[in-house]
Each structure stands twice: as C-alpha cells, then as structure tokens.
Amino acid sequence: MPARIRPTGFDHPRTSEITSRAVYAQRRDLLRLLAGGAAGAALAAWAGREALAAQALAGTRSAVPGAVTMEKPTAYKDATTYNNFYEFGTDKADPARNAHTLKTRPWTVEVEGLVNKPRRFDIDELLKLSPMEERIYRLRCVEGWSMVIPWVGYSLAELIKRVEPQGSAKYVEFVTLADKATMPYVGSRVLDWPYTEGLRMDEALHPLTLLTFGMYGEVLPHQNGAPVRIVVPWKYGFKSAKSIVKIRFVEKEPGTAWNKAARQEYGFYSNVNPDVDHPRWSQATERRIGEDGLFAKKRKTLLFNGYEAQVGQLYAGMDLKKFY
Ligand code: MTE
C-alpha cells in the first residue's frame, strides 16, 4: 500500500523506481518539505498527520528487525507539545512554545575524532547519505511516561561506516547546539551546556539506532530536535540527543548531560529496565501519553523497552544494576 501519498499536490513516482514505492514517496515527500521549509510543513493539517500516523500501523517500512511496532502511534499533537528540550525551557510545554527561534539552516554536523575520514556534513548532504526509512518506535522517558512515534531517518551505522572509525574508537559522543542567541535557557544552571550524550560503539552501530530527520512523515518540528537527532529506542529518552552539531569518536566513555547533573540518578547506559529503580521512583510501570484518562491502566515497563530480542546480546554478562 502506498504509504505517504498526500491528498493533493502529489507527483506520483515513476513505477520504474527501484526503491519501493512507499519508501520513495516518503523520502520525496520529506525532501520536498525540507526544501519548502517550515511553511511547507505547516500546510499539513492535524487531521492529515493523524491519518498518516494511522496508516503507519498497516505498513512495514523499515526492514530492520524490531523497527516497527504495531502499537498505535501517539497523537502528533501530544508528541509535539509534550517535550523535553531544556535549551527551550524545563516545562513540557516550553519547547513547543519557544523553539521557533531555532535556526535549522544553514546547519552542519562535524564528524571528528578517531576516524580515518573526518568530515563536516552539510545537513542536505546528510539527508541524502542513505535512503530514509520509517521506524515506529516506543520511546520511554526516565520520568515514567512513554510514546509511540513514527520516526523518519536511517541507521546511524550508515554514517559511521562512511567515516571509517579507527580501532581505538570505543565510544561515540553527540554534541548538540548550545546557542544563547536562539535558545533562551542555554546558560541557565539546570544543565552543563552543551547537552551531550554518548553511546558505546556497538550500541551506536546497532541498526535500531536511528539518525533521525523526521517524524510522522514530515521534517522534525523544532521542539523534537530539528534538523537532526538520534533516537535510541531501548534507552531512556534522554539518551536521544536533539539538534546535533558534532559526532565525535573517542576512546573513553564520554560525559553525558544528565550523568554530569546527577551521577547517582542517571548512568551512562540508561537502558530501560523495570528492575532498576530510579533512586526516587520505581521504573516498573509507565503511563502512555494519550491514555491518561480516568480508567487508563499503567503499562508494565519492559526490559530494554521491549527490544530485548534485538539488543539484549549487547549486554550479555553485564551487571545491569551496576551499569545502569
Ligand atoms: N536533547 C537536547 N539537546 N536537550 C534536551 O533537553 N531532552 C532529552 C532528549 N534529548 C533533551 C534532548 C529527553 S529527557 C527526552 S525524554 C527526549 O529528548 C524527548 O524527545 P521528544 O521531545 O522528541 O519526545
């Protein structure tokens, strides 16, 4: 079933196209919106977005095992108005309200450190580096809520293999934008800016780790980390750094924003784990955003957020209570 066809103004792809029609349509749509910028994105009605999200339920887009859940995607409105993006404020509603000041063009991502081919990518180069896929991931926040979001991007591994990491590169550090001129809370004392995150090399190379440019078939809204972020679905949401400007390959475990802010509460690994409580609350259950009516039951949180079959091997033999 063609997945991304818009009701009007859509140029049908040629049937000779080798890429599957759905993927092609989706990519073309995304690129077209990117070219049109925010004005283009604003044209799509809420209803259209919801319909696209619903269609995603029927589709298998990414071929990566585990990359598509059949659970109902969170409403676009919830996913874009209930956010954590502390550069724009600490209230969940702040990013949607304040992130319009973020300038996503021009944008470059510097890839550096222990690689044979360090390179600065323009965002438009990065968009074309590998075919876009849709992945419908559960994202579990450390605060006890979760969402299901259809993301658009490609495996971070695609980028990594092009820069040829050296044998000594054991970790990948993500550095995000910290621009006082456009991000009102950069400089506040909540976190040590820039917001940084990190993954072990095998985690970064895992096909589920998504270099993300869009969601719900459109470019990322500013508040969700435009123009490029990562999404690591088996880890608490804070590992999924937004608005990335630098990807650095290093030998030692890098510092991360939340670990620096509260070492006892947020470890480097931060794998979703119902058996390892946060020091101030249980992690055994979660509230699915959009299901918080009077009778909505909390859901049981799953080990590795339900991606154990895909990623469990990465942690074989590790004490997950120690490496939280
Ligand atoms: N990235 C940056 N640069 N700054 C942030 O404050 N918050 C993190 C993560 N990435 C954050 C960030 C947290 S705590 C979560 S839960 C997710 O982004 C939220 O992503 P979403 O708003 O797209 O759901």
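A good place to start is the ligand: one of its nitrogen atoms lies 2.9 Å from a backbone N or O atom of Ser-240. The protein buries 98% of the 540 Å² that the ligand exposes when taken alone. Please keep in mind that this is a predicted model, with a mean pLDDT of 86 for the protein.

**Around the ligand**
- The shell around the ligand holds 16 residues, and those that come nearest are Asn-83, Tyr-86, Glu-87, Arg-229 and Lys-242.
- By character, the shell divides into seven nonpolar, six polar and three charged residues.
- Glu-87 takes part through its side chain, where an N or O atom is 2.8 Å from a nitrogen atom of the ligand.
- Asn-84 takes part through its backbone instead, with an N or O atom lying 3.2 Å from a ligand nitrogen.

**Strand S1 and its partners**
- Strand S1 covers residues 108-113 and runs antiparallel to strand S2, residues 119-122, with four bridges joining the two.
- S1 and S2 make a hairpin, and five residues sit between them.
- If you want a landmark in this pairing, look for Val-109, which stands opposite Phe-121 in S2.
- S1 is also joined to strand S10, residues 244-250, by four bridges, and here the strands run parallel.
- The landmark for that pairing is Glu-110, which stands opposite Lys-246 in S10.

**Backbone spots worth a look**
- As background, most peptide bonds are trans, and most residues other than glycine have a negative phi.
- The bond from Arg-105 to Pro-106 is cis, with omega near -15°; Pro-106 is in the loop between helix H4 (94-98) and S1.
- Trp-193 and Pro-194 are also joined by a cis peptide bond, with omega about -5°.
- You will find Pro-194 in the loop between strand S5 (171-176) and strand S6 (196-200).
- Glu-164 has a positive phi, near 55°, although this residue is not a glycine.
- Glu-164 lies in the loop between helix H6 (156-163) and S5.

**How far to trust the coordinates**
- Across the protein, 81% of residues reach a pLDDT of 70 or more.
- Residues 1-21 stay under 50, and the model has 40 contacts beyond four places in sequence for them.
- Residues 52-60 also stay under 50, with 22 such contacts in the model.
- Where pLDDT is low, the predicted coordinates should not be read in detail.

Methods. Residues are numbered from 1 along each chain as its sequence is written. This is a predicted model: local features need pLDDT of at least 70, side-chain atom pairs count only at pLDDT 80 or more; totals for chains, interfaces and linings use all residues. Side-chain values use heavy atoms; hydrogens and water are left out. A residue is near a molecule or strand if one of its heavy atoms lies within 4 Å of it. A polar contact is a pair of N or O atoms within 3.5 Å; within protein, one must be able to donate a hydrogen and the other to accept it, and residues adjacent in sequence count only if both atoms are side-chain atoms. Accessible areas come from the Shrake-Rupley method with a 1.4 Å probe; for residues, only the protein chains shown count as cover. Ala, Val, Leu, Ile, Met, Phe, Trp, Tyr, Cys and Pro count as nonpolar, Asp, Glu, Lys and Arg as charged, and the others, Gly among them, as polar. pLDDT is the predictor's confidence in each residue, from 0 to 100. Contact means heavy atoms within 4.5 Å. Two strands pair if DSSP finds at least two bridges between them.
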